[in-house]
Every structure is written in C-alpha cells, then in structure tokens.
Amino acid sequence: MPLYDYRCPACGEFAAMRPLAAWRDPAACPACGGESPRIVGGAPALGALSSAVNRARAMNERSAHEPRSSRGGHGMHCGCCGGGKLPGKTRKTADGGKTFADSRPWMISH
C-alpha cells in the first residue's frame with residue numbers, strides 16, 4: 001500500500017498508508033479523528049533505494065547532458081588503440097559490383 005500525505009486543519013500534516021483505490025478519499029486524523037484532505041507533500045524517498053540503483057541513477061543524471069560510455073576506453077572499433085579499423089564485410093568486384101563476405105547474400109545493406 002502506498003503512503004499518502006494529508007493535512008488536518010486542526011493538527012497539521014501526517015502520513016497514512018492507504019489502498020491505491022482510496023487515493024482520492026480523505027483520511028481520518030490520527031490525533032483528533034477529523035476528516036483530512038490529501039496533499040502532495042514532500043519529495044520521494046530516494047535515499048531508501050539500494051546503492052546499485054542510486055549509482056545507476058547518478059550515472060544517468062551525469063550522462064544526460066554529456067553522454068559517455070560507462071565502460072572505460074574509447075569505445076567500439078577505436079582507431080587509436082585497437083590497431084586500426086576492422087575490415088567490413090563489403091567487397092567490391094572489378095566491375096564495381098558489391099559482394100558480402102561471410103554474410104547472407106539476400107540481406108540489403110544500408
């Protein structure tokens with residue numbers, strides 16, 4: 001059951017666990033028993049998440065404005081540390097046609 005925030009006109013704010021189907025309904029104040037409307041209160045409890053989830057969320061926040069690989073190095077097929085560019089599968093024939101080495105001949109290339 002989710003935890004919702006309520007504000008009693010006499011006693012102030014409190015939180016109560018309520019069924020999801022009752023998210024609109026007012027709750028009884030635990031101090032005075034008066035009917036209290038639901039409010040949108042504090043921030044979500046992100047501190048209660050596991051450390052792995054927190055690390056993943058922090059990495060996503062950092063890469064939102066500055067995308068970068070999360071693995072070290074320069075990425076796939078890097079020319080500076082991989083020994084040069086790997087040969088592709090496209091081969092040209094003497095008359096200018098294309099063939100595809102070790103690939104399905106019925107596939108269309110882009």
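Strand β1 has two faces: Tyr-4, Tyr-6 and Cys-8 make up the covered one, while Leu-3, Asp-5 and Arg-7 make up the uncovered one. In a regular strand, side chains alternate between the two faces of the sheet. Please keep in mind as you look around that this is a predicted model.

Let's follow the covered face inward. Tyr-4, Tyr-6 and Cys-8 belong to the largest nonpolar core, whose 7 residues also include Phe-14, Ala-16, Ala-27 and Cys-29. Both β1 and β2 (12–17) supply at least two residues of this core, and the largest share, 3 residues, comes from β1.

Two members of the core deserve a second look. Tyr-6 has a relative accessible area of 0% and is therefore buried. Phe-14, with a relative accessible area of 14%, is buried because the cut-off for that class is under 20%. How do the rings of Tyr-6 and Phe-14 sit relative to each other? A pair of aromatic rings is described by the distance of the centres and the angle of the planes. The search of the whole structure finds 1 aromatic pair. The ring centres of Tyr-6 and Phe-14 are 5.6 Å apart and the planes are at 20°, so this pair is stacked. An angle under 30 degrees is what counts as stacked.

Phe-14 also has a neighbour from another part of the chain to look for. Pro-30 is 16 residues away from Phe-14 in sequence, yet the two C-alpha atoms are 8.2 Å apart in space. Pro-30 lies in the loop between β3 and β4 (35–36). Is Pro-30 buried or exposed? Its relative accessibility is 65%, so Pro-30 counts as exposed.

Now back to β1, this time to see which strands it pairs with. Strands of a sheet pair through backbone hydrogen bonds, either parallel or antiparallel. On one side, β1 pairs with β2 in the antiparallel sense over 6 bridges, and a hairpin of 3 residues joins the two strands. If you would like a landmark for this pairing, Cys-8 stands opposite Gly-12 in β2.

The other partner of β1 is β5 (residues 38–39), again in the antiparallel sense, over 2 bridges. Here Asp-5 has Ile-39 as its bridge partner, and Tyr-6 stands opposite Arg-38. Tyr-6 thus appears in two settings, because its ring stacks with that of Phe-14 and it faces Arg-38 in β5.

Put together, these 3 strands form an open antiparallel sheet in the order β2-β1-β5. The edge strands are β2 and β5, each of which pairs on one side only.

Next, turn to the uncovered face of β1, where Arg-7 is one of the residues. What does the side chain of Arg-7 meet? It forms a salt bridge with the side chain of Glu-13, at 2.4 Å from N to O. A search of the whole structure finds 1 salt bridge. Arg-7 has a relative accessibility of 41%, so it counts as partly exposed, whereas Glu-13, with a relative accessible area of 54%, is exposed.

Leu-3 is another residue of the uncovered face, and it leads to a surface feature. Together with Met-1 and Met-17, Leu-3 makes a nonpolar surface patch of about 390 Å². Met-1 sits in the segment before β1 (3–8). With a relative accessibility of 67%, Met-1 counts as exposed.

One more contact in space is worth finding. Arg-24 is found in the loop between β2 and β3 (27–28), and its relative accessibility of 65% is why it counts as exposed. Arg-24 and Pro-37 are 13 residues apart in sequence, and their C-alpha atoms are 8.4 Å apart in space.

Finally, step back to the whole chain. It has 1 helix and 7 strands, arranged along the sequence in the pattern β-β-β-β-β-α-β-β. Of its 110 residues, 11% count as buried. Among the buried residues are Tyr-6 and Phe-14, the stacked pair met earlier.

Definitions and conventions:
Residues are numbered from 1 along each chain as its sequence is written. This is a predicted model: local features need pLDDT of at least 70, side-chain atom pairs count only at pLDDT 80 or more; totals for chains, interfaces and linings use all residues. Side-chain values use heavy atoms; hydrogens and water are left out. Patches are made of residues with over 30% relative accessible area and no salt bridge: like charges are joined within 9 Å, nonpolar side chains (Val, Leu, Ile, Met, Phe, Trp, Tyr) within 5 Å. Accessible areas come from the Shrake-Rupley method with a 1.4 Å probe; for residues, only the protein chains shown count as cover. A salt bridge is a side-chain nitrogen of Lys or Arg within 4 Å of a carboxyl oxygen of Asp or Glu. Helices (H or I, at least four residues) and strands (E, at least two) are DSSP runs, numbered from the N terminus. Buried means under 20% relative accessible area, exposed over 50%, partly exposed in between (1.4 Å probe, protein chains only). Rings of Phe, Tyr and Trp (its six-membered ring) pair if their centres lie within 6.5 Å; planes under 30 degrees apart count as stacked, over 60 as edge-to-face and the rest as tilted. A nonpolar core is a set of buried Ala, Val, Leu, Ile, Met, Phe, Trp, Tyr and Cys residues joined through side-chain atoms within 4.5 Å. Two strands pair if DSSP finds at least two bridges between them.
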